Amino acid sequence: MPRYVAFLRGVSPSNARMADLKRAFEIAGFSEVRTLLSSGNVVFDAPSGTAHALQQRAEAAMQAHLARSFGTVVRSSAHLRAMLEDDPFAEFDLPPSAKRVVTFLRRPVDSKAALPIERDGARILKLSGSEVFSAYVPSPKGPVFMNLLEQTFGSEITTRTLETVRKCACA
């Protein structure tokens with residue numbers, strides 16, 4: 001059975017207990033459910049389905065079980081592993097201190113933005129399908145890259161560090 005990862009937008013330990021989140025996914029009929037890193041990453045098995053259908057099923061289960069839902073973006077573990085194997089940041093000259101970030105879009109977009117875009121040490125490097133690859137150097141200005149991403153691609157996105165994506169893809 002295929003393995004999937006659901007990346008949830010806006011989840012933290014203060015607004016969702018991971019055990020409750022896990023249970024909501026189990027109620028939705030997903031199996032081998034596991035939460036990772038207490039920040040809205042859920043891995044699960046499900047019969048093959050479209051990402052959109054799995055997203056809707058997960059959101060409906062959260063609404064029913066948690067009385068709230070979080071924006072959900074689903075990718076197959078196989079897709080994530082292939083993306084990581086292709087090393088999407090290899091073509092860019094990034095400083096060692098740069099944080100590499102993957103932003104997941106709920107659906108592909110026709111972005112007219114000329115990439116790369118840079119602001120205050122944050123760089124949107126490229127768009128590939130429904131993933132955006134960015135990098136930033138931490139600074140006192142805070143998460144400038146998040147504002148830049150939302151201005152460019154809207155708010156139906158969720159973002160993870162490359163290392164978090166790696167952990168989720170292999171879980």
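In which loop is the place of Pro116? Pro116 belongs to the loop between β5 (99-105) and β6 (117-119). The model considered here is a predicted one. In this model Leu115 and Pro116 are joined by a cis peptide bond, with omega at about 5°.

Two further backbone features concern the sign of phi. Glu32, although it is not a glycine, has a positive phi of about 50°. Glu32 is part of strand β2 (residues 31-36). Its relative accessible area is 59%, and Glu32 is therefore exposed, the cut-off being over 50%. Ala67 is likewise not a glycine and has a positive phi, of about 65°. The location of Ala67 is the loop between α2 and β4 (72-76). With a relative accessibility of 60%, Ala67 counts as exposed.

A glycine comes next. Gly10 is situated in the loop between β1 (3-8) and α1 (18-27). The relative accessible area of Gly10 is 51%, so this residue is exposed. Apart from neighbours within four places in sequence, Gly10 is in contact with Asn15 and Phe70. Gly10 and Ser39 are 29 residues apart along the chain, and their C-alpha atoms are separated by 7.9 Å.

The helix that follows this loop, α1, packs with helix α2 (residues 51-66) at an angle of about 120°, and the two axes are 8 Å apart. This angle makes α1 oblique to α2. The crossing in which α1 passes α2 is right-handed. On the α1 side, the residues that meet α2 are Asp20, Leu21, Arg23, Ala24, Phe25 and Ile27. On the α2 side, the residues are Ala58, Ala61, Met62, His65 and Leu66.

A second helix pair is formed by α3 (residues 77-85) and α5 (residues 162-169), which pack at an angle of about 135° with their axes 9 Å apart. α3 and α5 are therefore also oblique to each other. Here the crossing, in which α3 passes α5, is left-handed. From α3, Ser77, Leu80, Arg81, Met83 and Leu84 make the contact. From α5, Leu162, Val165, Arg166, Cys168 and Ala169 take part.

The aromatic side chains remain to be described. A pair of aromatic rings is characterised by the distance of the centres and the angle of the planes. With a limit of 6.5 Å between ring centres, the count comes to 7 aromatic pairs. One of them joins Phe25 and Phe30, with 5.7 Å from centre to centre and 40° between the planes, and this pair is tilted. Both Phe25 and Phe30 are buried. Why is the pair of Tyr136 and Phe145 stacked? The ring centres of Tyr136 and Phe145 are 4.3 Å apart and their planes are at 10°, so the pair counts as stacked, the cut-off for stacking being under 30 degrees. Tyr136 and Phe145 are both buried.

Phe25, which is among the α1 residues that meet α2, also belongs to an aromatic cluster together with Tyr4, Phe30 and Phe44. Another ring, that of Phe133, has a charged partner: Lys126 lies over the face of Phe133, at 5.6 Å from the ring centre.

Note on methods:
Residues are numbered from 1 along each chain as its sequence is written. This is a predicted model: local features need pLDDT of at least 70, side-chain atom pairs count only at pLDDT 80 or more; totals for chains, interfaces and linings use all residues. Side-chain values use heavy atoms; hydrogens and water are left out. Rings of Phe, Tyr and Trp (its six-membered ring) pair if their centres lie within 6.5 Å; planes under 30 degrees apart count as stacked, over 60 as edge-to-face and the rest as tilted. Buried means under 20% relative accessible area, exposed over 50%, partly exposed in between (1.4 Å probe, protein chains only). A charge sits over a ring if NZ of Lys or CZ of Arg is within 6 Å of the ring centre and within 35 degrees of the ring normal. Axes are lines fitted to C-alpha atoms, for helices over the stretch in contact, and angles run from 0 to 180 degrees between N-to-C directions. Helices (H or I, at least four residues) and strands (E, at least two) are DSSP runs, numbered from the N terminus. Angles under 35 degrees count as roughly parallel, over 145 as roughly antiparallel, 65 to 115 as roughly perpendicular and the rest as oblique. A crossing is left-handed if the near helix is turned anticlockwise from the far one by less than a right angle, and right-handed if clockwise. Contact means heavy atoms within 4.5 Å.
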